Amino acid sequence: MNIVLNEPITNPRSKTPTTAIDGVELNNHSGARSRFELEPRLVEMKRALREGHYKQYRTSPEVDLLAECDAEQLSWPQRAARLIRRMCEAQEVVIRPEERIVFTRTTGKVPPVYRESQQRDLTSGCALHELGPISNICADWEMVLSQGLLSRRKVALSSRERLKNDPQAVEFLNSAIETIDAVLDLACRYAEEASRNHRHDLAKILYRVPAQPASNFHEALQALRLCHAVLWLGGHYHCGLGRFDQYMWPYLKKDLDLGRIDVNGAEQLLAEFFLSLNKDSDLYPGIQQGDNGQSLMLGGVKRDGSSGVNELTYIALRVARGAGMIDPKINLRVTKDTSLDLLELAAELTQIGLGFPQYSNDDVVIPGLVAHGYDLEDARDYSVAACWEFLIPGRGMEVVNIGAVSMPAAVDAAIRSGLPAGDSFEQILVLVGTNLRSQVAKLAERFSRLFLPPAPYYSVLMNGCLERGSDVSHGLNYNSFGVHGACSSNAADALAAVKTFVFDKRSLSSQRLLDALDTNFEHDEVLRRKLFDEAPKVGNDDVRADAMLVKIFELFADACESISDNGRGGIFRPGSGSAMFYVWLAQGHETMTEPVVGATADGRKRGGFFSSSLAPSPGVRVRGPFSVLKSYSKIDYQRICNGGPLTLEVSDMVFRNPEAVHQVALLIRLFAAVGCQQLQINTLNVESLKEAQLHPELHKNLVVRVWGWSGYFCELDEAYQNQIIGRHIYGEPTL
Amino acid sequence: MLTGVVFDIKEFAVHDGPGLRVTVFLKGCPLRCSWCHNPEGQSPEPQVLRGSAGERLAGVSFTSQALADRLCSLAELLRVGEGGVTFSGGEPLVQADFLAEVIDQLDHLHVLLDTSGYADENSFRKVAAISQLVYFDLKLIDSVAHQAHTGVDNQPILRNLRVLNELGVPFVIRVPLIPGLTDTEANLSAIARTVAGMPGLQRIDLLPYNIAAGAKYAACGMAFQPTFDESEKSNINLSCFKSAGLKVRVV
């Protein structure tokens, strides 16, 4: 979940300062790679998007379902279907002259299907996840595009015939059929309007898809746009896009082979599709704007284990860079053997500072999923949910972010109860395990009564629901819960500090430490500095700290493995992400049940932030990215397999070096080679530098390129810092 | 076993050579270039830097084995990353014997020596011969100007350049473009004439001056006293090199 967003960049090329010097010969590796630029019609579309022009169409009257649902005494599944129908009907047809892929939402918020009091009664004694509706899963887009909705409708009809004596199944299948009809009616209205506007190109496509199987790339993109957008109309959110280059490539390949489209034409269409994902995204729910889970996966192996990298993998990376928008959020599956060509293209996308691609390591993730009970073929087919959590498109009804454990709280409570009791360090570790187990048990207890509302339309798009006559909310092949192991580095550092000073060196008395923690170090800054500056820290390939990191994840895995059934026939899958918990665990949040902590034994004062997912604790000095990779490679990812990226921030000034793209590509390869699981490389922009000025203590490791040399940003005098910021502001393309 | 003083070890030093590298900054330098951006590298003694993020000790003693062990712990990563170790400074050859001892223990990692070229011939020979690539600075060909702006005579540097050429170790010439001092047509042409025809020469890197060079002086308790006009832009003149048939780039 992005808390701070980088603004999209209009012209990413100007971001590379080296290209700004005319007539200078550059040994730039990127010269070998072709560039993609938006054609004028799309430049205009992007401008309109950025300026919010598509919001002007949101004039449809608000849909209100409650009266009719009550009058007809509709069941929950029927109401969910009615919601899809009424929302589809409420959409005005919007076809702008520059559009070749259509659908613009004309309604604002999604109405409830029950009054609050009704819903409370119906769900009493149950737990809802977040907002309630099914979210954060991924449809079987391959199936939807290759079969078409009419074929799905036939499946529903035949299941209804077969299951006619099962009223629940019949009700579900009727609801599913209603949603299919609603989507097809909407497509038909678009087709008719296109005809009236003499947009016969569009009409032809929309008369065909999503009803029929897509027969070319353009149809496939249009079908996906419409079917995906309708999910959001039904109140679903964090709706993933899955393995895009796998399910889309057959259509594009056929077009290219038959000469029906050229690469540039395909790229422009794809760019339009990417832009279209930003039309309505401000209406999508999330913790922060942009936290909308439109994740798109590229690369990796096919279900049979052979390489799935294809021309579209490359095209999508190029187009994402050229489009320069925050959606879709690109993910790339890699191994240590992934070709540098592909990694360099990805690094060029990293360069423009959008914060993606995010990389996952197939060599680690696939066996990890298999170890968690996934079929090998399904494991090979993994994608990610909204942030980083692994899921199987079309086959999983998992709640990948059911909650988090507060690792700092588990450690802190162990220290505060173990030290006064005169416990050994081993005994303190046992307490940490007990605390983690109790946090997981609380989550398990609460969500053993999880209620997932019926989702007939999502069921149409999933694998097997219509065939079985059972709503996706009742479960699929995979039904696990994912738990974030939040803020692990601070927790490990706290343990390492206690072990080093209190137990090994005996240079710190338990009482002094406990007093300092109780008083937020107000009277013992000397101790705080000692804990913060001199204790071993995760991220330095220092076994004293890394062993604690490994241990704490081991205890977390033990805790999750102690729950054999989550109440839905699934497991508890432990991960290493933090999501927003790196703020929440430090400062509290009204919706949060995980325990907050005060001052901690790693020398962090009360309220201080934690690091995001896997990254060294904020403000501690670390040796650099190689040591960071080595530290985090020690976690047993066969047991910790819910995702949660190692997060590396590099200054965008790194890219002043003509070989930087190649070197960043090598860094990505290195991440895979050392056996880490997931990686995010962020290129820092000027906003981050300003933040570093305000809080230099948190950004000691921020390296900037100053001239033919690099320095620590915070060691530069303010005037020089301002100079760099100044130069950078000028370097920033205007939005 | 010898002991040396290091003021920084930087991982992912993307500007210090090919591939993924770790750069070791050795403390102590005989030159006093008025544009020096690493003032903490000048004194051979450890010193405390006081910046906005607090204090940091610049200068840690390592035995050659301890330093080599630290670098070798990254060996596998550096090989995957098609890179190696860069020794910079300060002037790394001030600690040539220590450095040679470290390199001997590096298990054949790719070594890049980043040097001003100012060292006695034996020291230079000893380390350059066991390096795979040398970044060799050429600042000013005019010896009077060199003395005035760097504090030392350039004759040993020019001699070591010839030694380097004889050794057959590949090298890159690095020229800081200091406004009005090193970036003049006369100086750049003289540099081009000096290096033209040397078989080991890979290319010439021009490094435009950046106004932030003086940033760390206050933290070191030193005064930044440039002998040139800082506000001027570097003159990026490639033709001197191109006309001599030399490969040149700006970094």
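Author: Two residues count as in contact if their C-beta atoms, placed from the backbone, lie within 7 Å. What you see above is a predicted model, where local features need pLDDT (the predictor's confidence in each residue, from 0 to 100) of at least 70, side-chain atom pairs count only at 80 or more, and totals for chains, interfaces and linings use all residues. Residues are numbered from 1 along each chain as its sequence is written, with chains lettered from A and ligands numbered from 1 in the order written.

Reader: How far apart are the C-alpha centres of the two domains of chain A?

Author: An automatic or database domain assignment splits off domain 1 (63–239) and domain 2 (399–644) in chain A. Take the C-alpha centres of domain 1 and domain 2 of chain A, and the gap is 39 Å.

Reader: Which helix gives the most to the side of domain 1 of chain A that touches domain 2 of chain A?

Author: Here 37 residues of domain 1 of chain A are in contact with 28 residues of domain 2 of chain A. Helices are DSSP runs of H or I, at least four residues, and strands are runs of E, at least two, numbered from the N terminus. Five helices each supply at least two residues of that side of domain 1, among them H3 (76–90) and H9 (217–233) of chain A. With seven residues, the top giver is H7(A).

Reader: Over to chain B: why is strand S1 said to be largely enclosed?

Author: A residue is buried if 20 or more other C-beta atoms lie within 10 Å of its own, exposed if 12 or fewer, and partly exposed in between, with C-beta atoms placed from the backbone. S1(B) covers residues 3–11, and it's largely enclosed by the rest of the structure because the buried ones number eight of the nine.

Reader: Which residue is the bridge partner of Ile9(B) in S2(B)?

Author: Strands pair if DSSP finds at least two bridges between them. S1(B) and S2 (residues 21–26) of chain B do that in the antiparallel sense over five bridges. Lys10(B) stands opposite Thr23(B) there, and the partner of Ile9(B) is Val24(B).

Reader: And which are the edge strands of that sheet?

Author: Nine strands of chain B make an open sheet with mixed pairing, in the order S5-S1-S2-S6-S7-S8-S9-S10-S11. Those that pair on one side only are S5 and S11 (248–250) of chain B.

Reader: Which residue in S5(B) is the bridge partner of Gly4(B)?

Author: S1(B) and S5 (residues 60–63) of chain B run antiparallel and share four bridges. In S5(B), Gly4(B) is matched with Phe62(B).
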